[in-house]
Amino acid sequence: MEERVTEKPELLFAELVPGRKFREFYFPVSDDLVQHYMNVVGDRHPLYWDATAFRAQGFTKPLAPPGLAAIYPRASYLQDHSMPSGGILVKQEFKFLSPAFVGDTLSVRATVASAEIDDKERKRVHFFIEAKNGDGEKISEVNIHAIWPK
Amino acid sequence: MARRRLVNIVASERTNSLVQGGLTVRSQNGLRLPELYKEIDQEKINNWAAISGDFNRLHVDPEYARTTSFGGTIAHGPMALAFLNELMMSWAGAKWAIGGRLLDVRFKAPIRPGERIKISGTIKGNCDLDGKPYTECEVYVQKPDGILAVVGRAFVPF
């Protein structure tokens, strides 16, 4: 994930045509990633790592932290681009539909749901992002609303 | 947009059940969710940049950030989303991970290094979303001066 923004061309508002689908993004939910996530966020829910806890809930593998959905949607539309400086995240929504597990590789697909200039000349963009687990089940839907800088 | 019908927003005596940590607990409307506290510092922000791949200079370059209208670095908005997910996992456990919804989350004020933020919420009542029953909660991230940095609505299936 550690890619400096200057290495890729900026994703410009003019390229965000409604209906545009970005190429599929693969997001491995590795043990290392989950450990790193727990360290950074401080979210150490036992369902992510404790076999007794996740088996008691009927799972055979540890759950992926749902908060990873704060990471993979943005990465899915910025695979080949960087985010221009000065954007504003306005609103975000998550729906969790099925479990994702540590060890899954998620396939994530972003679509530009809308892109328009509002009456204050702000460039408003709405991304809709779907993620599926290794079995092809949809695990989440995410909506991101942002004001794009240029 | 999901069709939403509030069934019970003010009937404070009504309760619903949630599975929390393998135990069934009864939660009254108006009850506060757990409170989480986080110390935000530049190291935490840099670590979020590393895990998310978002190295925007407004977040990670204090010298540059001082020249912007923010006057200094600010935490990434999605970091606050991770904290809200932690809050809901701590309260609802697996029910959150496989059916929760975090809707209408809005970013109202920047979170800055050096701030100790509170993440919490309140149970509002029961409602239907797409024909399924949920418990609705108002959730928020609050700055030390009381200003709400992030607000949203969380829905837990029951």
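This report describes a helix pair across two chains, one buried helix and some backbone angles in a predicted model.

**The helix pair.** Two packed helices are described by the angle between their axes and the distance between the axes. Helix α1 of chain A (residues 31-41) and helix α1 of chain B (residues 42-52) have axes that come within 9 Å and cross at roughly 155°; because angles over 145 degrees count as roughly antiparallel, α1(A) and α1(B) are roughly antiparallel to each other. Their crossing is left-handed. On the α1(A) side the contact is made by L33(A), H36(A), Y37(A), V40(A) and V41(A), which meet K44(B), N47(B), W48(B) and I51(B) of α1(B). The residues of this contact comprise six nonpolar, two polar and one charged.

**Helix α4 of chain B.** Helix α4(B), residues 77-92, has 16 residues and reaches 23 Å from its first C-alpha to its last, close to the 22 Å expected at 1.5 Å a residue. Of the 16 residues of α4(B), 14 are buried, so this helix is largely enclosed by the rest of the structure. Just after α4(B), G93(B) takes a positive phi of about 60°.

**Positive phi outside glycine.** Most residues other than glycine have a negative phi. Two aspartates of chain B with a positive phi are set out below.

| Residue | Phi | Location | Relative accessibility |
|---|---|---|---|
| D104(B) | near 55° | strand β5 (residues 101-107) of chain B | 23%, partly exposed |
| D130(B) | near 50° | loop between β6 (116-129) and β7 (132-142) of chain B | 44%, partly exposed |

D104(B) is thus found within a strand, whereas D130(B) is placed in a loop between β6 and β7 of chain B.

How values were computed. Residues numbered from 1 in each chain as written. Chains lettered and ligands numbered in written order. Predicted model: local features only at pLDDT ≥ 70, side-chain atom pairs only at ≥ 80, totals over all residues. Heavy atoms only, no water. Axes fitted to C-alpha atoms, helices over the stretch in contact; angles between N-to-C directions. Helix = DSSP H or I, 4+ residues; strand = E, 2+ residues; numbered from the N terminus. Parallel < 35°, antiparallel > 145°, perpendicular 65-115°, else oblique. Left-handed = near helix turned anticlockwise from the far one by under 90°. Contact = heavy atoms within 4.5 Å. Nonpolar A, V, L, I, M, F, W, Y, C, P; charged D, E, K, R; others polar. Expected span 1.5 Å × (residues − 1). Buried < 20%, exposed > 50% of the residue type's maximum accessible area, 1.4 Å probe, protein only.
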